[in-house]
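Q: I'm new to reading protein structures, and I would like a close look at a single part of this one. Please start from one small detail and build the picture outwards from there, step by step.

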Amino acid sequence: MIIRRNPKNVHEPVGPYVHQIEIPEKTKLLNLSGQIGMDLQKDIPATVEEQFKLALKNIDLNLQEAGVSRKNITKLVLYFVDELDSKARGDILLDFFGESLPCCTLIYVKALATPKIKVEIDAWAAQPV
């Protein structure tokens, strides 16, 4: 079982994430390429919020294919071109993760692969075997 911690000697997280996750031995590790908000028909929604939700859905679909639970995501790196209100971003993450929050880093960038893409998410997961 992975162990989530927020050490008492470090400030409380400023969003929906945890400071650290310990991964035990004998764990299946899954690394995903950056996921974007694109559907099977290669359509990309116009807004950063819609792209964020779709990118998370694509992460979930990848996890399902690998037989890994969403609760075992250990790390996200969020790349945003356009700003998304912190409350909206937090609500989306809380809706997706519930209480199984990952470690998380948010980076604003000038551009991603194409001008239409406003969000990309790197994800790592660890599932005990």
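## Strand 6 and its surroundings

A: Let's begin with a single pairing: Y79 has its bridge partner in strand 6, and that partner is E120. Keep in mind as we go that this is a predicted model.

The bridge we started from belongs to a longer pairing. Strand 4, which covers residues 73–80, and strand 6, which covers residues 119–128, pair in the antiparallel sense over 7 bridges. You can check another step of this ladder yourself: find L78, then look for its bridge partner in strand 6, which is I121.

Strand 6 also has a second partner. Strand 3 and strand 6 run antiparallel and are joined by 8 bridges. For an example here, look at L29, whose bridge partner in strand 6 is A126. How much of strand 6 is covered? Of its 10 residues, 7 are buried, so this strand is mostly covered.

Now step back to the whole sheet. It is an open sheet of 4 strands in the order 3-6-4-5, with mixed pairing. At its edges are strand 3 (27–36) and strand 5 (103–108), each of which pairs on one side only. From one strand to the next, the twist averages 10°.

Next, look at what lies against the sheet. Helix 1 packs on it and touches strand 3, strand 4 and strand 6. The direction of helix 1 makes about 150° with that of strand 3. Helix 2, in turn, lies across strand 4 and strand 5, and runs at about 150° to strand 4. Strand 4 is therefore touched by both helices.

One residue helps you see where helix 1 meets its surroundings. N62 lies in helix 1, and apart from neighbours within four places in sequence, it is in contact with L32 and Q35. Is N62 buried or exposed? Its relative accessible area is 31%, which falls between the 20% and 50% cut-offs, so N62 counts as partly exposed. For a sense of distance, try H11: it is 51 residues from N62 along the chain, and the two C-alpha atoms are separated by 33 Å.

How do the two helices sit beside each other? Two packed helices are described by the angle between their axes and the distance between the axes. Here, the axes of helix 1 (residues 48–66) and helix 2 (residues 86–97) come within 11 Å and cross at roughly 20°. An angle under 35 degrees counts as roughly parallel, so helix 1 and helix 2 are described that way. Helix 1 passes helix 2 in a right-handed crossing.

Which residues make this contact? From helix 1 they are E49, F52, K53, L56, K57 and D60, and from helix 2 they are R89, I92, L93 and F96. Sorted by class, the contact has 5 nonpolar, no polar and 5 charged residues.

Of these residues, D60 is worth a pause. D60 lies in helix 1, and leaving out residues up to four places away in sequence, it touches R70 and F96. Its relative accessibility is 14%, which is under the 20% cut-off, so D60 counts as buried.

Let's follow the chain onwards from helix 2. L101 is found in the loop between helix 2 and strand 5. At 15% relative accessibility, L101 counts as buried too. Setting aside neighbours within four places in sequence, L101 is in contact with R4, P16, Y17, V18, I21 and L94. Take Y17 from that list: Y17 and L101 are 84 residues apart along the chain, yet their C-alpha atoms are separated by 5.1 Å.

To finish, visit the loops on either side of strand 3. K26 lies in the loop between strand 2 (20–22) and strand 3, while K42 lies in the loop between strand 3 and helix 1. K26 has a positive phi of about 55° although it is not a glycine. K42, also a residue other than glycine, has a positive phi near 70°. Are these two buried or exposed? K26 is exposed, with a relative accessible area of 69%, and K42 counts as exposed at 65% relative accessibility.

Notes
Residues are numbered from 1 along each chain as its sequence is written. This is a predicted model: local features need pLDDT of at least 70, side-chain atom pairs count only at pLDDT 80 or more; totals for chains, interfaces and linings use all residues. Side-chain values use heavy atoms; hydrogens and water are left out. Axes are lines fitted to C-alpha atoms, for helices over the stretch in contact, and angles run from 0 to 180 degrees between N-to-C directions. Helices (H or I, at least four residues) and strands (E, at least two) are DSSP runs, numbered from the N terminus. Angles under 35 degrees count as roughly parallel, over 145 as roughly antiparallel, 65 to 115 as roughly perpendicular and the rest as oblique. A crossing is left-handed if the near helix is turned anticlockwise from the far one by less than a right angle, and right-handed if clockwise. Contact means heavy atoms within 4.5 Å. Ala, Val, Leu, Ile, Met, Phe, Trp, Tyr, Cys and Pro count as nonpolar, Asp, Glu, Lys and Arg as charged, and the others, Gly among them, as polar. Buried means under 20% relative accessible area, exposed over 50%, partly exposed in between (1.4 Å probe, protein chains only). Two strands pair if DSSP finds at least two bridges between them.
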